[in-house]
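Thanks, everyone. I have one structure to go through today, and I will start with its sheet and then move to the packing. Here it is.

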Amino acid sequence: MLLRFITTTHQLNWASLYYFTKHTRPKAQPHREKTRAKAISDDKSGKIAKSDQEQEQKQQQENLKKKIELEKLRALQPKMHTWSSFYETHIPQTKKIPKTIYLPLNEQPEGRRKHYKKFVQPPVDITEECNQKFEIKQHTYEDPFVQPKRAGLIAVKVGMTAQWDKWGYRHALTVLQLDNNQVVQVVKNDTYTGLQIGAGRVNIKTLKKPQIGHFLKANIPPKKYIKEFPITPENALPVGYMLTARHFTPGQYIDIQGISTGKGFGGTVKRHNFKTQPATHGNSLCHRQLGSTGQRQDPGRVFKGKKMPGHLGNDKVTCEGIQIYRIDAVRQLIYIKGSVPGKPGSIVYLKDSWKAQKKNKELLNFPTLAVENGKEYAKEIVMEAPLEDPEMEETHENDFPKAGEDAED
């Protein structure tokens with residue numbers, strides 16, 4: 001009746017509409033609502049249970065697949081030799097254990113400085129087992145204008161030492177260690193060729209599925225560190241080939257890339273080599289201050305790139321033109337003249353120096369040193385010292401008196 005009254009009078013305003021909707025609303029039926037909600041919850045619970053079962057089945061299938069892949073990877077990992085068999089085969093004459101042999105990465109205990117430790121036991125050498133099936137031929141370049149590129153290596157900074165040459169000069173050396181550098185992938189394109197090198201050892205359980213598939217495809221054990229080096233096509237190496245310290249030769253120049261040690265917040269004197277202000281003549285508490293940073297009203301701002309205090313270190317640094325002094329092929333150690341960026345235990349990348357290509361051409365082996373079966377190689381190679389004393393003053397024959405003149409005097 002109320003609706004008929006409203007429609008007949010044609011006075012449908014907001015107040016009448018609110019009154020109509022308020023007083024003609026159907027009464028609530030709580031018992032029906034409860035049964036309906038219960039039915040909906042039962043349906044939902046059934047669907048959820050089905051979806052949970054399906055997810056569990058899928059997860060079980062994925063776990064089975066992963067277990068199979070992990071078993072395949074474990075089969076690819078090299079067999080660990082006992083130290084007694086190692087000494088019987090490699091050191092049959094002497095029974096003394098060397099005292100300064102560095103532990104490889106895959107044998108190190110967990111700890112704060114796990115990479116930097118001297119150990120009594122020698123590392124396991126598996127290069128012969130890995131490289132038996134490969135045949136590599138070395139080649140040379142007759143054209144002096146050709147600029148070939150070889151693969152680089154991944155090394156660990158161990159520490160520093162020193163050595164004296166035959167003239168009595170002391171050379172500060174940085175010790176780098178290789179840990180099973182192996183070719184993981186050959187990247188080829190119309191205009192680019194690169195070699196992906198892997199080093200170290202990682203727990204299989206920490207790998208993700210794409211990484212597991214990547215190493216399974218290459219048929220090699222999983223690697224902790226991977227780096228890609230651009231090369232020329234003729235210097236490509238087969239997948240699975242193991243690179244050793246003999247890849248480089250003493251006397252050649254290389255470029256080393258690594259992350260420098262972080263030193264926190266540094267001032268301009270330490271960070272940018274600024275000159276300090278005067279120590280006296282009215283200077284108070286401003287001896288190491290920056291000084292002026294701009295001009296007056298014009299331009300009225302500080303230019304971008306202004307050298308100021310800030311974070312120092314922990315940056316990617318490349319040291320170019322560093323010379324190799326010595327190579328230890330048994331312990332896979334490379335001794336380099338001078339300093340290397342990073343702390344002991346940090347990872348560095350080595351490659352042939354691009355500034356000293358002409359000097360390196362006579363010393364390098366392209367694509368790498370091909371080890372011949374049955375041929376003996378030196379265990380340690382040291383850079384040859386100069387024939388003459390480099391700091392000796394040049395003398396002329398007239399500076400020395402003749403035998404007759406001495407007799408007359």
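Before the sheet, one definition: two strands pair if DSSP finds at least two bridges between them. Keep in mind also that this is a predicted model.

On that basis, four strands form an open sheet, in the order β7-β6-β5-β8, with antiparallel pairing. The edges are β7 and β8; each has a single partner strand, so one side of each is left without a neighbour in the sheet. Take the β8 end. Strand β5, residues 181-188, pairs with β8 in the antiparallel sense over two bridges. That just meets the cut-off, because at least two bridges are needed for a pair. In one of these contacts, Asn181 has Leu243 of β8 as its bridge partner.

What lies across this sheet? Helix α6, residues 209-218, lies across β5, β6 and β7. Its direction is at about 95° to β5.

Now the nonpolar packing. The largest nonpolar core has 33 residues. Those that touch the most other members are Ile197, Phe248, Ile256, Ile334, Ile336 and Leu350. Several strands feed this core: β3, β4, β6, β7, β9, β12, β13 and β14 each supply at least two residues. The largest share, four residues, comes from β3.

Which residues does Ile334 touch? Leaving aside residues up to four places away in sequence, its contacts are Thr174, Val175, Leu176, Leu178, Ala245, Phe248, Ile324, Arg326 and Leu350. Apart from the largest core lies another one, of ten residues, including Leu73, Val184, Val202 and Ile220.

Next, the aromatics. How many aromatic pairs does a search of the whole structure find? It finds two. One is Phe134 with Tyr241, edge-to-face, 6.0 Å centre to centre and with 70° between the planes. This pair links distant parts of the chain, 107 residues apart: Phe134 is in the loop between α5 and β3, and Tyr241 is in the loop between β7 and β8. Phe134 and Tyr241 are both buried.

The other pair is Tyr141 with Phe366, also edge-to-face, at 5.0 Å centre to centre and 85° between the planes. Tyr141 lies in the loop between α5 and β3 and Phe366 in the loop between α8 and β15, so the pair ties together parts that are 225 residues apart in sequence. Are these two rings buried or exposed? Tyr141 is partly exposed, with a relative accessible area of 21%. Phe366, at 5% relative accessibility, counts as buried. The cut-off matters for Tyr141, because buried means under 20%.

Two rings also have a charged side chain over them. Over the ring of Tyr349 sits the charged end of Lys227, 5.0 Å from the ring centre. Arg326 lies over the face of Tyr335, 4.6 Å from the centre of that ring. Arg326 also appeared earlier, among the contacts of Ile334.

Last, a glycine. Where is Gly251? Gly251 is in the loop between β8 and β9, and with a relative accessible area of 12% it is buried. Setting aside residues up to four places away in sequence, Gly251 touches Gln323, Ile324, Leu363 and Met383. For Leu363, the C-alpha atom is 7.8 Å from that of Gly251, although the two residues are 112 residues apart along the chain. Ile324 is a contact of Gly251, and also a contact of Ile334.

That is what I wanted to show.

Terms used. Residues numbered from 1 in each chain as written. Predicted model: local features only at pLDDT ≥ 70, side-chain atom pairs only at ≥ 80, totals over all residues. Heavy atoms only, no water. Phe/Tyr/Trp six-rings, centres within 6.5 Å; stacked < 30°, edge-to-face > 60°. Buried < 20%, exposed > 50% of the residue type's maximum accessible area, 1.4 Å probe, protein only. Lys NZ or Arg CZ within 6 Å of the ring centre and 35° of its normal. Contact = heavy atoms within 4.5 Å. Axes fitted to C-alpha atoms, helices over the stretch in contact; angles between N-to-C directions. Core = buried A, V, L, I, M, F, W, Y, C linked by side-chain atoms within 4.5 Å.
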